[in-house]
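Visitor: I would like to learn how to read a fold of this kind, feature by feature. Could you take me through the sheets, the cores and the buried side chains in turn?

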Amino acid sequence: MSERRPSPFKTLLDSDVCSLIQAAEDVYQVRFKNRAANAYLVRGSSRTILIDVGLSSNYPHLLTSLNHIGVQPDDIDMVVLSHEHLDHIGAAYHFHGRAFIAAHRLAANKIMLRDDFSMLRKMFNEPNVPINIDLWLEESNLIDLGNFRLNVMYTPGHTSACITLFDQDKGLLFASDTLMPGGVMGGVFGSGSIADYIQSLERLKGLNSKILLSGHGRLSDTPQEDVRIAIQRSHGLLSDTAQLFDALDARANFEPIMQSVRDLNKLDDS
């Protein structure tokens with residue numbers, strides 16, 4: 001097996017807990033070495049944003065990385081949360097009163113109502129602190145940073161609330177857990193759907209993306225190949241799921257449940 005070619009992306013800072021990597025001019029990945037998702041800084045000519053922020057426990061390391069490139073917390077104008085999972089949003093409350101916090105409306109609803117099941121709170125030892133969402137995003141919203149123009153794409157599948165940000169001019173694809181290097185998928189959780197996942201990947205396939213900036217793992221300069229592999233895998237997963245349901249014989253399993261419902265209704269009528 002041939003070894004992977006050297007990364008074209010420059011590592012600016014590397015410690016036991018995280019790495020700071022330059023993805024493009026004024027675009028940086030903070031890659032944590034625990035279970036936290038990647039955070040991305042985009043330093044625009046008129047505004048500066050963070051895309052995802054990792055876990056609360058990683059916040060000091062996030063600050064260290066930002067300080068390395070001359071950015072302070074008060075320099076952040078907006079924090080965009082890709083979806084509701086805590087490994088992506090846990091540190092967001094640290095930015096309350098400093099920056100606008102934005103998420104897709106479905107994610108915003110779950111986060112504001114503190115839907116712990118959807119947020120996977122039990123998977124992460126995070127402070128049970130409310131996270132307030134200031135801006136509820138929708139498909140086709142535009143985040144204008146001056147020299148960056150990030151289009152909001154609604155890309156459900158991993159969850160019902162996932163968004164992808166895409167700068168068409170620069171080919172930057174912030175795909176969070178919808179697509180990762182090597183065509184890895186982020187899994188289907190709770191409100192997610194394999195069918196929605198496939199449709200979202202097909203949308204990403206049609207973009208002229210040049211750099212994939214995903215929720216976990218390395219940066220990739222082969223996003224077209226990554227999405228091709230992911231689509232192939234997702235169709236395989238859909239087929240496997242269909243075979244599983246056939247093996248379970250859904251009708252035979254659900255009939256006793258429906259009979260119980262009918263029996264309860266008869267009791268209610270008496």
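Guide: What follows is a reading of the sheets, the helices that lie on them, the cores and a few individual residues.

Visitor: Before the details, what kind of model is this, and how many helices and strands does the protein have?

Guide: This is a predicted model, and the protein in it has 7 helices and 13 strands. Buried residues make up 47% of its 270 residues. Among the contacts between residues at least 6 apart in sequence, 62% join residues at least 24 apart.

Visitor: How should I begin to read a sheet, and in what order do the strands of the 8-stranded one come?

Guide: Strands of a sheet pair through backbone hydrogen bonds, in either the parallel or the antiparallel sense. Here the 8 strands form an open sheet in the order β1-β2-β3-β4-β5-β6-β7-β8, and the pairing is mixed. Its edge strands are β1 (10-14) and β8 (135-137), each of which pairs on one side only, and the twist from one strand to the next averages 20 degrees.

Visitor: Which sense of pairing joins β2 to β3, and which joins β6 to β7?

Guide: β2 and β3 are antiparallel, with 6 bridges between them, and Ser19 has Arg31 in β3 as its bridge partner. These two strands form a hairpin with 2 residues between them, and Asp26 in that turn has a positive phi of about 70 degrees. β3 is also antiparallel to β4, over 4 bridges, where Gln29 stands opposite Tyr40 of β4; the hairpin that joins β3 to β4 passes through 6 residues. By contrast, β6 (residues 78-81) and β7 (residues 100-104) pair in the parallel sense over 4 bridges, with Ile101 in β7 as the bridge partner of Val79.

Visitor: Is β3 largely enclosed or largely open, and on what count does that rest?

Guide: Since a residue is called buried when its relative accessible area is under 20%, the count can be made residue by residue. In β3, 5 of the 6 residues are buried, so the strand is largely enclosed by the rest of the structure.

Visitor: Which strands does helix α3 lie across?

Guide: Helix α3 (residues 105-112) lies across β6, β7 and β8, and it runs at about 115 degrees to β7.

Visitor: What is the strand order in the 5-stranded sheet, and which helix lies across β10, β11 and β12?

Guide: This open sheet has the order β9-β10-β11-β12-β13, again with mixed pairing. The edge strands are β9 (142-144) and β13 (211-214), each pairing on one side only, and the twist averages 20 degrees from one strand to the next. β9 runs antiparallel to β10 (residues 149-154), to which 3 bridges join it, and Leu142 stands opposite Asn151 of β10. The helix is α5 (residues 194-205), which lies across β10, β11 (163-167) and β12 (172-176) at about 150 degrees to β10.

Visitor: How do I find the nonpolar cores, and which residues touch the most other members of the largest one?

Guide: In soluble globular proteins, nonpolar side chains tend to be buried together. The largest nonpolar core here has 37 residues, of which Leu50, Val53, Leu62, Val79 and Leu81 touch the most other members. Among the elements that give two or more residues to this core are β2 (18-24), β3 (27-32), β4 (39-43) and α1 (59-68). A second, separate core of 24 residues includes Tyr40, Val80, Ile163 and Leu213. Beyond four places in sequence, Leu81 touches residues including Val53, His88, Ile101, Ile111 and Ile163.

Visitor: His88 is among the residues that Leu81 touches; is His88 buried or exposed, and which side chain does it join in a polar contact?

Guide: His88 is found in helix α2 and counts as buried because its relative accessibility is 0%. A polar contact of 2.9 Å joins its side chain to that of Asp52. Beyond four places in sequence, the residues that His88 touches include Ala37, Leu81, Ser176, Asp177 and His216.

Visitor: What do the cysteines show, and how many disulfides does a search of the whole structure find?

Guide: The search finds 0 disulfides. Cys18 counts as buried at 3% relative accessibility, and Cys162 is likewise buried, with a relative accessible area of 1%.

Notes
Residues are numbered from 1 along each chain as its sequence is written. This is a predicted model: local features need pLDDT of at least 70, side-chain atom pairs count only at pLDDT 80 or more; totals for chains, interfaces and linings use all residues. Side-chain values use heavy atoms; hydrogens and water are left out. Two strands pair if DSSP finds at least two bridges between them. Axes are lines fitted to C-alpha atoms, for helices over the stretch in contact, and angles run from 0 to 180 degrees between N-to-C directions. Contact means heavy atoms within 4.5 Å. A disulfide is a pair of cysteine sulfur atoms within 2.5 Å. Buried means under 20% relative accessible area, exposed over 50%, partly exposed in between (1.4 Å probe, protein chains only). A nonpolar core is a set of buried Ala, Val, Leu, Ile, Met, Phe, Trp, Tyr and Cys residues joined through side-chain atoms within 4.5 Å. A polar contact is a pair of N or O atoms within 3.5 Å; within protein, one must be able to donate a hydrogen and the other to accept it, and residues adjacent in sequence count only if both atoms are side-chain atoms.
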